[in-house]
Amino acid sequence: MAQPVRLLILGTGGMARNHAEAFAAMPDVSLVAGIDTRPEPLADFCDMHHIPNRFSSVDQALDWGEFDAVTNVTPDAAHYPTTMPFLAAKKHVLCEKPLATSSADAEAMTAAAQAAGVVNMVNLSYRNVAALQQAARMVAEGAIGTVRHFEASYLQSWLTQPAWGDWRTESQWLWRLSTRHGSKGVLGDVGIHILDFATFVAGQPVAEVSCLLQTFDKAPGGQIGDYVLDANDSATMQVRLSNGALGTVAATRFATGHMNDLRLRIYGDKGGLEVGFENWASRLRACLGEDIATATWTEVETPVLPSIYERFIAAIRGEGKAEPDFARGAELQRLLDRAEQSAAKGGCSLPV
């Protein structure tokens, strides 16, 4: 029999439903409590997912204490102040990305998690993409030789069409456009995913970054209700990896025709790979060996992988590695901070 795990869900927004449904489907995982400062959304969420205990604060939940692990699904700015008390109480934590809104906070969270000796993971959900994992294995095994160049993009279009809802009226989208509400814009929201996507496959850290950010006019006066729409909508970056390889990274919410698509093309001195996650499907193509002379690309099989939620529970049970962990989240946050600093200086190149 699997070790029982009692899970608390912090936050009841849109992503929390995904967490609740995924964890509830696992054997011997119990959703035992939820936390939200808003009574009505908390009650609705807990009723929907049959969660018996409801709390309006982290302190109330810790006073009760009858849980083993926490999944933190709060807005970005809340990650640090809400996660730290759970780490002090030696609770395992899965935190939504980005880990924090500054590298200093992310590094403090990493140190606290290591001191507590608990499982700590950050929900870089596209690590679950089968093509990504297979590509990373192939690069690590030397299939494309030494990495020299790459191109990566994360393309969304929810600012141009209402397929996911009307961003002008729904808080789950409006907060992502407002720095006052804790958003780091497209850079922090999805830029972090594509940076992880690219550097995880390359197997190397970023040594240098230059970045440009753009916020577009989207409403009269740049504001809707309490939401000042000042967070960045598009980001472009040039990066140099530790071995000198160069790459470009882009993220935007204005990519008409793309709901939620990630792409990576990575080239070495012995071959190339193309990784795609488009229309919720994963694909990997390779140009290797004799095919290089004819520029012939072939499909590569990619086995299905456990989800981040399954890996979190497995790590708690001692059945797998806690990856990506808070240390990886902090590494990416340092990169995001430097990208923001570069953009503030007009896109000048900065060491990471």
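User: In this predicted model, what covers the buried residues of α6?

Analyst: To read such a feature, one asks which elements lie against the buried positions. In this case the cover of α6 includes the strands β7 (147-156), β14 (271-278) and β15 (281-288), together with the helix α8 (185-202). Helix α6 spans residues 130-140, and because 9 of its 11 residues are buried, it is largely enclosed by the rest of the structure. Among the buried residues are L132, Q133, Q134, M138 and V139. Just after α6, G142 adopts a positive phi of about 90°.

User: Which residues of strand β6 are buried on one side, and which on the other?

Analyst: For a strand, each face is considered separately. In β6 (residues 120-123), N120 and V122 are buried on one side while M121 and N123 are buried on the other, and both faces are thus covered.

User: How many bridges join β5 to β6, and do the strands run parallel or antiparallel?

Analyst: Strand β5 (residues 92-96) runs parallel to β6, and 4 bridges join the two; V93, for instance, has N120 of β6 as its bridge partner. Between these strands the chain passes through helix α5 (residues 103-116), making a β-α-β crossover that is right-handed.

User: Where does A219 lie, and does A219 count as buried or exposed?

Analyst: A residue in a loop is read by its accessibility and its contacts. A219 sits in the loop between β8 (206-214) and β9 (223-224), and because its relative accessibility is 15%, A219 counts as buried, the cut-off being under 20%. Leaving aside residues up to four places away in sequence, A219 touches I224 and L229. The C-alpha atoms of A219 and L229 are 8.0 Å apart in space, although the two residues are 10 residues apart in sequence.

Methods:
Residues numbered from 1 in each chain as written. Predicted model: local features only at pLDDT ≥ 70, side-chain atom pairs only at ≥ 80, totals over all residues. Heavy atoms only, no water. Buried < 20%, exposed > 50% of the residue type's maximum accessible area, 1.4 Å probe, protein only. Contact = heavy atoms within 4.5 Å. Pairing = 2+ DSSP bridges. Right-handed = clockwise from strand over helix to strand, strands pointing away.
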